[in-house]
Amino acid sequence: MLERIFEEISFTATDRGGETITIDATYVREQVEDLAKESDLSKFIL
């Protein structure tokens with residue numbers, strides 16, 4: 001999940017010098033939305 005969340009940031013990091021990126025609930029939802037639709041996430045619930 002974390003890899004998916006940071007994937008775009010990681011690949012574009014060299015172009016984002018000095019930019020501040022906020023990781024909030026909305027950003028996380030946008031990044032994992034497709035993954036969440038395709039997978040059974042119940043195994044991640046403690």
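Biologist: Why is Ile 23 called partly exposed?

Modeller: This is a predicted model, and in it Ile 23 has a relative accessibility of 36%. Buried would need under 20% and exposed over 50%, so 36% puts Ile 23 in between, as partly exposed. You'll find Ile 23 in the loop between helix 1 (2-11) and helix 2 (25-38).

Biologist: What makes Ile 23 part of a nonpolar patch?

Modeller: Patch members need over 30% relative accessible area, and Ile 23 has 36%, so that condition is met. Ile 23 sits in the patch with Leu 2, Phe 6 and Ile 21. Together, the four have about 340 Å² of accessible area.

Biologist: Okay, on to charges. How do you know that Glu 8 and Arg 16 meet in a salt bridge?

Modeller: Their side chains come to 3.4 Å, N to O. The cut-off is within 4 Å, so the pair counts as a salt bridge. Glu 8 itself is partly exposed, at 38% relative accessible area.

Biologist: And what makes Glu 19 and Arg 16 a salt bridge?

Modeller: That's the other pair, at 3.3 Å, N to O. Again the limit is within 4 Å, so Glu 19 and Arg 16 qualify. Glu 19 has a relative accessible area of 46%, which lies under the 50% line, so Glu 19 is partly exposed. Because the salt bridges share partners, Glu 8, Arg 16 and Glu 19 are joined into one network. The structure holds two salt bridges.

Biologist: Why would side chains like these pair up?

Modeller: Opposite charges can pair when the charged atoms come close.

Biologist: Where is Arg 16 found?

Modeller: Arg 16 is in the loop between helix 1 and helix 2.

Biologist: What makes the link between Arg 16 and Thr 12 a polar contact?

Modeller: Their side chains are joined at 2.7 Å. A polar contact has to be within 3.5 Å, so 2.7 Å fits. The side chains of Arg 16 and Glu 8 also have a polar contact, at 3.4 Å, and that value is within 3.5 Å too.

Biologist: Why is the patch with Asp 24 called negative?

Modeller: Its members are Asp 24, Glu 30, Glu 33 and Asp 34. Asp and Glu count as negative, so the patch is a negative one. Asp 24 is in the loop between helix 1 and helix 2. With 38% relative accessible area, Asp 24 is over the 30% needed for a patch and counts as partly exposed.

Biologist: Why is Met 1 called partly exposed?

Modeller: Met 1 has 44% relative accessibility, and that falls between 20% and 50%, so the label fits. Met 1 is in the segment before helix 1. Met 1 and Val 32 are 31 residues apart in sequence, yet 7.4 Å apart in space, C-alpha to C-alpha.

Biologist: How much of the whole protein counts as buried?

Modeller: Of its 46 residues, 13% do. The protein has two helices and zero strands.

Conventions: Residues numbered from 1 in each chain as written. Predicted model: local features only at pLDDT ≥ 70, side-chain atom pairs only at ≥ 80, totals over all residues. Heavy atoms only, no water. Buried < 20%, exposed > 50% of the residue type's maximum accessible area, 1.4 Å probe, protein only. Patch = residues over 30% accessible without salt bridge, like charges linked within 9 Å, V, L, I, M, F, W, Y side chains within 5 Å. Areas by Shrake-Rupley, 256 points an atom, 1.4 Å probe, with all protein chains shown as cover. Helix = DSSP H or I, 4+ residues; strand = E, 2+ residues; numbered from the N terminus. Charge placed at Lys NZ, Arg CZ, Asp CG, Glu CD. Polar contact = N/O pair within 3.5 Å; in protein donor to acceptor, adjacent residues only side chain to side chain.
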